[in-house]
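This report covers selected local features of one protein model. It moves from charge pairs to a helix, then to surface patches and backbone angles.

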Amino acid sequence: MLDSNEESPSPFDIWDILFSKVSKQWLLGALLAVLASALECLGLILQKKAQYKMMGDNLRPEDPIPPRLKVAQKPVFWVGVCLYLLHSPVNTMALKYAPDTTVIPLNTVFVLLNFLFSFGILYERFRRRDICATFVCILGAVGMSLALTQSVPGHLEDLSVEQVIEAANDIFGNVGFAAYIMVWLLLFTVGLYTATFVSAAKVAKVFAAPLLVGLLFSLFHFLSKIAVTLLSRSSEEVWESPLTRKALTWTALLYLIVAFAASEGVRHLPCRFFMPAMFVTIQVLTVTQDLLFFRLWDFMTAQDLVYFVGCSFVCIWSLSYISAERRVIPSPINVALNSPLLPPAENAIRGHQSVVAIMDEYKIRVPEQGNVPLSVFNMNVNFTGKWKMFPIVSCLALILIPVALWASSYPFHAFLFLTVFSVYQGWKMGAFIALFAYLGVKKIEHYANADFEALHEAEMKKQQPVVADAWPSFFGENENNKDGGVKRPVWKEVVHFVVVPNYKEDLEVLRVAIDSVASSALASTQICLVLAMEEREAGAREKAALLSKEYAGKFKDICPTYHPAGLPNEVPGKSANTRWAAEKIWNEFVPAQRLDLANVILTVGDADSQFHSEWFAALTYHFVNAGGSPGKTPYRYLTIWQPPILHLKNYLTQPAVVRLASFITSQHELANLADPNAPRVPYSTYSISALLAQQVGGWDPEWISEDWHMALKCFLATGGRLKVTPIFLPILNYTPEGDSFFKTLMARWLQAKRHALGFSELVYFNEHFPRILMSIPEPRARIVFAWRALFLWVKLLMIHIFMAVFPVIAPMNGILIAFFNHHKVTQALNINSWTFLINCVSQAIGLISFVCIFLVSVVLYEAVKPRIDGATDNNVSVFWRSQTMHFITVVPQSLIYLPFFFICAGCAEWIAAVKTAFTTKFEYITAAEGARG
């Protein structure tokens, strides 16, 4: 409660509320605990990074570990050591302001950060089992802490000096603690013996290092409590006591031993396994010490003790499911593929090992055992549009729920609702984009110099060096193939039809796209260019004839198509044009060239899509290698292949606010591709088996978002079996530009409104989902379909609903905090809680993440700089030549325009939601039309 003489603060003075008025000590202690965990994790991660840098490309499990002294030559190693040594003092400060029951659960942030840093900085690979076991470990540790009594002191400040000294001197008089020390010595002896004498092949070997670190750290934690408690007393009796000198000496010495042991553990084991194992050991032993020394079992029920022991065993059990094998993708600058000293042709398989490892993350290379032809559910059913109100209702509900709770005198429940939204915003729309977009850039760099045809030939030669036409043993032998079943395609028999829908596009823009396709080594033998023209465009036939003549001989074939105007049940646009072109392909072009439709791939691009020269070779490799399990349809007929789409072709000439939208959109799409476990949908330019496209009935001409709609149609038609697989060879395209700043903004605004109309695809999905679910005969397949559909549905919903409500929800969160303070109800509402802490941390993560996104935009720019217009010119501004100056320029510009970006994006989503409530058929207005005014 505020003092009556104290001036009442402004209800919007958020920082004053957070740090001056609302139980600042507990909040400070909690934040310091999070900081300590971050320092500890980052310190060990950087030490491991130094080791991986020293090892270069030799990161296979059988490769030797470099000597300790060589690793110590890397400056990043010593940065890591310093950060690690800082974490304990910070954690000790946290215990001064918050009890163990706050600090210990927050220390679980260490494991979560290790997952993010190991994956994002070290490029260690996590399988699903590793991820699940890591999160089970976190939940077990939190449960273990919650089982404790809430009266565990951080230090012994409530005891007199005499009691502190007596408790320390008579420590072995505590029978429970003495028994613990005996067990501690036994475990230490076993761990030391295992680490020294047991063979590396034994499973117990990998647990020895984390056990030793945990034992040493738990002892240090106990001694540090006594030392800090004594240091906090200013009486001469304390400083003259021999106990004080002993405690300080042993604490300092033990801390150095702990730091050395942790460094050695990180050196021999991957952080994916070592960090959670070390954390669990430390947590279990530390909490057990507190239980025994402070006799906390006297204050715990039998149920609490059972719960504590159970959670401890869950933590330990989860470690057995985390792999201790070294599975690391080297940094792109260290791989042989990107080294001029070892061209890919010299040793294609060895040079592409990092690319192969990335592909294996996505389970791309599947043995050829699938022998069941593709079958799909019928999607040509009447669309009623009964879910048209869903977008607008969902947006309104997300805003009205906290407002209604607040108005109904449940402000803390409203705050809890907003906190859940903040957690999602901080992770999925903040940290997730920054982390996985950065990972995506690294994957792009790995793919940059790949030669997929050379890799394919090397694999064929290695597997079957004698019989050239035999299937490699890697793909397995399928007896059913000999009887006319589904066969694995031959590389040379795969044919690409590249569909370029266009309407009133400049010839120069089209030439950029066509030139990029022609740059492929497969262009003249395996690529057919389809110029998908609109008949309603004046001069369309003349334009197609000119381009056909200009590029004659550069492609296997050039096939113009002319989409008629005024066809029934069509909305003129990319989807209708693509449908017309696709039907021409499988009804006319494929039969005329006597091609097998099962070996044909359709690539749908935009008129300004600049393909990577290796895209079609990589696509062929993925198509050929996408086999299937016995009794299943091969994945090549259930997959859409997606490149990263980067709106950066005219990056240097884009206005700052448009540039902000370009790299946020590009990084959002790239992040979803870089996460192997994320649900994905295609965007802008993508490739699909012609057989799958034909089986589902092609593109629906009345829907405006042809990429999302085709993916949802295929997902539903295949009963959830569709995969969207990334190939990290980016496609660059232009962000719309006009003759003036205002026209450029208008063009981008029209494009944003068109993209937002993808909201209507949820109406389509909601209507067809129940029908498809009930059409699946097998119960297990039905459950799998529903599970996959749930994640896909949530992803699509949250993309649109987040952008719609964030400009309202974010200010509401701050206003509610101000309301708590202004009405002096913080104590009654117990705002000094985990909810308040989580809300603050989530908001901070969201803000910091956007700064990281700005930084990643610079890294992404550097990765594709040679393909950006004007980026390599000698007279380009220093703000684009220097990465530092580039970052310094981007950050303030982006922060200024960020609110405007979210407001505009939100308005576009609300307009789309309102429009969808009336119809799902929209006029397709190109950004180029907007640029022309």
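A salt bridge here is a side-chain nitrogen of Lys or Arg within 4 Å of a carboxyl oxygen of Asp or Glu. The model is predicted. By this rule the count comes to 24 salt bridges.

## Salt bridges

Side chains of opposite charge can pair when their charged atoms come close. Three pairs are listed below.

| Pair | N to O distance | Citation |
|---|---|---|
| R327 and D130 | 2.6 Å | salt bridge |
| K442 and E445 | 3.6 Å | salt bridge |
| D700 and K713 | 2.6 Å | salt bridge |

Take R327 and D130, which meet through their side chains in a salt bridge of 2.6 Å, N to O. R327 sits in the loop between α14 (302-319) and α15 (348-351), and D130 sits in helix α7, so the bridge ties together parts that are 197 residues apart in sequence. R327 has a relative accessible area of 12%, so it counts as buried. D130 is buried too, at 2%. The cut-off for buried is under 20% relative accessible area.

K442 and E445 are a pair within one helix. Both belong to α18 (residues 411-447). They are 3 residues apart, which means a separation of about one helical turn. The closest N and O atoms of this salt bridge are 3.6 Å apart. K442 is buried, with a relative accessible area of 14%. E445 reaches 21% and therefore counts as partly exposed.

The salt bridge of D700 and K713 brings N and O to 2.6 Å at their closest. D700 lies in the loop between α26 (690-695) and α27 (706-717), while K713 lies in helix α27, so the pair ties together parts that are 13 residues apart in sequence. D700 has 11% relative accessibility and counts as buried. K713 has 0% and counts as buried.

Salt bridges also form a network. R60, E62 and D63 are linked in this way.

## Helix α25

Does the length of α25 agree or disagree with its residue count? The helix has 19 residues, 656-674. At 1.5 Å a residue, they should span 27 Å. The end C-alpha atoms are 26 Å apart, which agrees with that expectation. The expected span is 1.5 Å times one less than the number of residues, so the multiplier is one short of the residue count.

α25 is mostly covered, with 19 of its 19 residues buried. One residue of α25 is V658. Its relative accessibility is 2%, so V658 counts as buried. The C-alpha atoms of V658 and P736 are separated by 9.2 Å, although these residues are 78 apart along the chain.

## Surface patches

Which residues gather in a patch of positive charge on the surface? They are R128, K363, K632, R780 and R788. R128 belongs to helix α7 (residues 128-146). R128 has 56% relative accessibility, so it counts as exposed. Helix α7 also holds D130, the partner of R327.

A nonpolar patch is formed on the surface by W787, L790, F791 and V794. Together they have about 400 Å² of accessible area. F791 is placed in helix α30 (residues 779-822). Its relative accessible area is 42%, so F791 is partly exposed.

## The loop between β4 and α23

P568 is found in the loop between β4 (557-563) and α23 (574-592). With a relative accessible area of 65%, P568 is exposed. P568 and E702 are 134 residues apart along the chain, and their C-alpha atoms are separated by 9.5 Å.

N569 is also placed in the loop between β4 and α23. N569 is exposed, with a relative accessible area of 59%. Its phi is near 60°, a positive value in a residue other than glycine.

## Another positive phi

Most residues other than glycine have a negative phi. S409 has a phi near 65°, a positive value in a residue other than glycine. Where does S409 lie? S409 is found in the loop between α17 (390-407) and α18. At a relative accessible area of 60%, S409 is exposed. Helix α18 is also the element that holds K442 and E445.

Terms used
Residues are numbered from 1 along each chain as its sequence is written. This is a predicted model: local features need pLDDT of at least 70, side-chain atom pairs count only at pLDDT 80 or more; totals for chains, interfaces and linings use all residues. Side-chain values use heavy atoms; hydrogens and water are left out. Helices (H or I, at least four residues) and strands (E, at least two) are DSSP runs, numbered from the N terminus. Buried means under 20% relative accessible area, exposed over 50%, partly exposed in between (1.4 Å probe, protein chains only). Patches are made of residues with over 30% relative accessible area and no salt bridge: like charges are joined within 9 Å, nonpolar side chains (Val, Leu, Ile, Met, Phe, Trp, Tyr) within 5 Å. Accessible areas come from the Shrake-Rupley method with a 1.4 Å probe; for residues, only the protein chains shown count as cover. Lys and Arg count as positive and Asp and Glu as negative; His and the chain ends are not counted. The place of a charge is taken as NZ of Lys, CZ of Arg, CG of Asp or CD of Glu.
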